[in-house]
Amino acid sequence: MEYRQFGSTGQQVSVIEMGTWCIDLADRGTAIRALQTGLDHGMNHIDTAEMYRDAELVIRDAIRERRDEAFLVSKVLPHNASRQGTRRACERSLRRLGTDRLDCYLLHWRGPFPLEETNAGFQELEREGKILSWGVSNFDADDLEEAYGIAERAGEDIACDQVLYHLEQRAIEHAVLPSCIGHRLAVTAYSPFGPDDFPGPHTQGGRVLAEIAEAHDATPRQVALAFLVRHPAVFAIAKASNPQHTAENAGAAGLVLSDEEIASINRVFPRGPRPRTLPTL
Ligand SMILES: NC(=O)c1ccc[n+]([C@@H]2O[C@H](COP(=O)([O-])OP(=O)(O)OC[C@H]3O[C@@H](n4cnc5c(N)ncnc54)[C@H](OP(=O)(O)O)[C@@H]3O)[C@@H](O)[C@H]2O)c1
């Protein structure tokens, strides 16, 4: 596995991470094995959220004896993200995850509460050792500017922005990624395979991925993940409830694409113009 420093946290985190949205809908034992397979392969970053129903309970069972191997991330829902609400949501997540700390805690997306309030909740949780760092999700560049100002005044660092990023949705490359690089935030790419069907061999893009994969003795999905994490600030969160899928995704780490291969991918999955608002799921 390849590790990188996760934003300003100083923590070494696997470039390919494990997502858990809907993992509770899979067979429980298989889902637990999928997460443990990821840990076996050195994927230490597990992403969850209070919104993901019982995913936190699946993680609790997967890391029961392996908590120290995991960089655990959860998220507070915007409508809970008042100062006190953030604290209460975090404490609920800690209980459900069966742990005393989160490595990083995120605001899931911007909601009705001023960022100062959420920030104050994060700071209190950090002082109590319940969270070790905090960040945001689905923040566009202008949201980030506002968040930097608030964090700076409080003498705090924002660890990451978790955003939608896959071959057919590259909007973050226009402004979010440069902003995060400038402020030393990690960028975590969610839904890295895209919410629709992954490009199959009958499509032009799928054929390019397959050709590159063959040259590296890899798979098209591994090529897609390697493309997303080609920039050192970027990590990719792939969700898999099937242990074989987890193992395949872990294999993307260390796959280095040549300039020509990156150019071929750019041709079939162009970045496109900057949309008016940041796409989210
Ligand atoms: N911050 C946010 O707003 C936000 C929004 C969406 C997602 N997220 C996070 O990002 C994570 C990833 O996004 P996602 O769950 O939307 O989508 P994803 O990771 O792009 O795709 C998940 C789907 O791909 C399948 N899959 C995974 N690896 C595979 C492989 N090697 N071969 C074939 N199929 C494979 C999974 O199947 P199996 O499950 O059957 O293995 C699942 O159906 C989420 O789980 C969540 O933690 C965050």
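**Exercises: strand 10 and a helix pair**

In strand 10, Ala236 is the bridge partner of Ile16. This is a predicted model, where local features need pLDDT of at least 70, side-chain atom pairs count only at pLDDT 80 or more, and totals for chains, interfaces and linings use all residues. Residues are numbered from 1 along each chain as its sequence is written.

**Exercise 1.** Find the strands that are joined to strand 10.

*Solution.* Strands here are DSSP runs of E with at least two residues, helices are runs of H or I with at least four, and both are numbered from the N terminus. Two strands pair if DSSP finds at least two bridges between them.
- Step 1: strand 3 (residues 16–19) runs parallel to strand 10, with four bridges joining them.
- Step 2: strand 9 (residues 186–190) is also parallel to strand 10, through three bridges. Here Ala189 sits opposite Ala236.

**Exercise 2.** Work out whether strand 10 is enclosed or not.

*Solution.* Call a residue buried if 20 or more other C-beta atoms (placed from the backbone) lie within 10 Å of its own.
- Step 1: on one side, Val234, Ala236 and Ala238 are buried.
- Step 2: on the other, Phe235, Ile237 and Lys239 are buried too.
- Step 3: that's six of six residues buried, so strand 10 is largely enclosed by the rest of the structure.

**Exercise 3.** Describe how helix 2 and helix 3 pack.

*Solution.*
- Step 1: the axes (lines fitted to C-alpha atoms over the stretch in contact) are 7 Å apart, at about 45 degrees, on a scale from 0 to 180 degrees between N-to-C directions.
- Step 2: helix 2 and helix 3 are therefore oblique (not under 35, over 145 or 65 to 115 degrees).

How values were computed
A residue is buried if 20 or more other C-beta atoms lie within 10 Å of its own, exposed if 12 or fewer, and partly exposed in between; C-beta atoms are placed from the backbone.
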